[in-house]
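Here is a short briefing on one protein chain. Keep the sequence and the 3D view open while you read.

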Amino acid sequence: MTSDLRTPRSTNVLGRRLLATFGIVLLLTLAGSGIGTRALSKVDEATREAIRQHGVSERMVVDGYRLQSINAERYKAMALSSEPEVGEILAADIQATETKYAGLIQQVSQRLRRASDRELLERAQAAGKDFGIAVKELVAARDSGLTERIRTVYAQRFQPGSAALLEALSRLALAQREAIDEAGSNVEALSASGRLALVVFGVAALLLGAVLAQWLVRSISRPIRAAGETA
């Protein structure tokens with residue numbers, strides 16, 4: 001009679017223990033999914049920062065460098081040529097390239113966030129203004145028709161101005177490449193951290209699962225053994 005009265009109570013206790021065990025397992029699964037999702041989110045964010053921010057900016061600066069290199073050769077041909085038609089032919093291409101370059105620099109200015117990048121951009125813009133003044137001086141010297149004057153302005157103003165602008169653009173592009181490399185290292189670190197967190201969580205989950213399994217087995221085996229002894 002006593003055994004019959006205890007049976008429902010034992011069943012309820014066993015049911016609660018089974019429910020608690022499965023609940024813990026589900027919570028562990030949810031926690032593991034959360035850790036993995038968080039790690040992937042950080043990796044994705046760092047990857048997008050490297051590609052969309054620094055990668056695109058670096059490509060724009062390189063394109064600007066290329067455009068200024070092309071225009072420098074055009075200005076050189078226009079200034080040193082003895083034929084006036086050369087200047088007339090190249091003028092439209094030079095203007096189109098300058099317009100395209102200005103648009104690129106404007107986009108780069110809107111994308112850069114770091115103070116160091118902004119400083120490099122300001123230096124490139126200052127070098128661009130100085131180069132523009134040197135170009136005007138070279139065109140004026142060409143219009144004067146004095147060969148010696150043209151050579152002097154070209155050697156003392158135009159070439160140094162062009163070299164300074166290209167150097168400033170090169171440094172800005174290099175800074176973006178370094179930022180890409182830094183972001184890549186950050187992605188690797190985040191990936192390693194995520195993997196380590198998942199491994200640690202997996203080991204902890206296995207240990208806890210083993211403890212819960214042993215506890216559940218005892219919870220089931222004891223009433224069965226007791227019932228057998230009673231029978």
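Start at Phe-158. Leaving aside residues up to four places away in sequence, Phe-158 touches Ala-72, Tyr-75, Lys-76, Phe-131, Ala-134, Val-135, Leu-138 and Val-153. Phe-158 is also among the residues with the most contacts inside the largest nonpolar core. The model is predicted, so treat each contact below as a feature of a predicted model.

**Overall build**

- The chain has four helices and zero strands.
- Along the sequence, the pattern reads α-α-α-α.
- The chain has 231 residues, and 29% of them are buried.
- Take the contacts between residues at least 6 apart in sequence: 79% of these join residues at least 24 apart.
- The accessible surface of the chain is about 14,800 Å². Carbon and sulfur atoms account for 60% of that surface.

**The largest nonpolar core**

- This core has 33 residues. Those with the most contacts inside it are Tyr-75, Val-108, Leu-138, Phe-158, Leu-169 and Leu-172.
- Which helices supply at least two residues each? They are α1 (2-80), α2 (84-111), α3 (115-144) and α4.
- Helix α4 gives the most to this core, with ten residues.
- Two of the best-connected core residues, Tyr-75 and Leu-138, are also touched by Phe-158.

**Leu-172, a core residue in α4**

- Leu-172 lies in helix α4.
- Is Leu-172 buried or exposed? Its relative accessible area is 0%, so Leu-172 is buried.
- Beyond residues up to four places away in sequence, Leu-172 touches Val-61, Val-108, Leu-112, Asp-117, Leu-120 and Leu-121.
- One of these partners, Leu-121, is 51 residues away along the chain. The C-alpha atoms of Leu-172 and Leu-121 are separated by 6.6 Å.
- Another partner, Val-108, is itself listed among the core residues with the most contacts.

**Salt bridges**

- The whole structure holds seven salt bridges.
- Arg-123 pairs with Glu-119, and their closest N and O atoms are 2.8 Å apart.
- Both Arg-123 and Glu-119 lie in helix α3. They are four residues apart, about one turn of the helix.
- Both ends of this bridge are partly exposed: Arg-123 has a relative accessible area of 44%, and Glu-119 has 40%.
- Arg-157 and Glu-137 form a salt bridge through their side chains, at 3.0 Å from N to O.
- Why does this pair tie together parts that are 20 residues apart in sequence? Because Arg-157 lies in helix α4 and Glu-137 in helix α3.
- Arg-157 is partly exposed at 24% relative accessible area. Glu-137 is partly exposed too, at 28%.
- Asp-130 joins Glu-137 and Arg-157 in a network of salt bridges.
- Arg-142 and Asp-143 also meet in a side-chain salt bridge, at 3.7 Å from N to O.
- Asp-143 has a relative accessible area of 55%, so this residue is exposed.

**Two positions in α2**

- Thr-97 sits in helix α2.
- With 11% relative accessibility, Thr-97 counts as buried. The cut-off for buried is under 20%.
- What does the side chain of Thr-97 make with the side chain of Arg-74? The answer is a polar contact, at 2.6 Å.
- Leaving out residues up to four places away in sequence, Thr-97 touches Leu-67, Asn-71 and Arg-74.
- Gln-107 is also placed in helix α2.
- Gln-107 counts as partly exposed, at 37% relative accessibility.
- Gln-107 and Met-60 are 47 residues apart in sequence. In space, they are 8.2 Å apart, C-alpha to C-alpha.

**A nonpolar patch on the surface**

- Which residues make a nonpolar surface patch of about 280 Å²? Val-199, Val-203 and Leu-207 do.
- Val-199 belongs to helix α4, which spans residues 147-230.
- Val-199 counts as exposed, with 52% relative accessibility. The cut-off for exposed is over 50%.
- Helix α4 therefore holds both exposed Val-199 and buried Leu-172.

Methods. Residues are numbered from 1 along each chain as its sequence is written. This is a predicted model: local features need pLDDT of at least 70, side-chain atom pairs count only at pLDDT 80 or more; totals for chains, interfaces and linings use all residues. Side-chain values use heavy atoms; hydrogens and water are left out. Patches are made of residues with over 30% relative accessible area and no salt bridge: like charges are joined within 9 Å, nonpolar side chains (Val, Leu, Ile, Met, Phe, Trp, Tyr) within 5 Å. Accessible areas come from the Shrake-Rupley method with a 1.4 Å probe; for residues, only the protein chains shown count as cover. A salt bridge is a side-chain nitrogen of Lys or Arg within 4 Å of a carboxyl oxygen of Asp or Glu. Buried means under 20% relative accessible area, exposed over 50%, partly exposed in between (1.4 Å probe, protein chains only). A nonpolar core is a set of buried Ala, Val, Leu, Ile, Met, Phe, Trp, Tyr and Cys residues joined through side-chain atoms within 4.5 Å. Contact means heavy atoms within 4.5 Å. A polar contact is a pair of N or O atoms within 3.5 Å; within protein, one must be able to donate a hydrogen and the other to accept it, and residues adjacent in sequence count only if both atoms are side-chain atoms.
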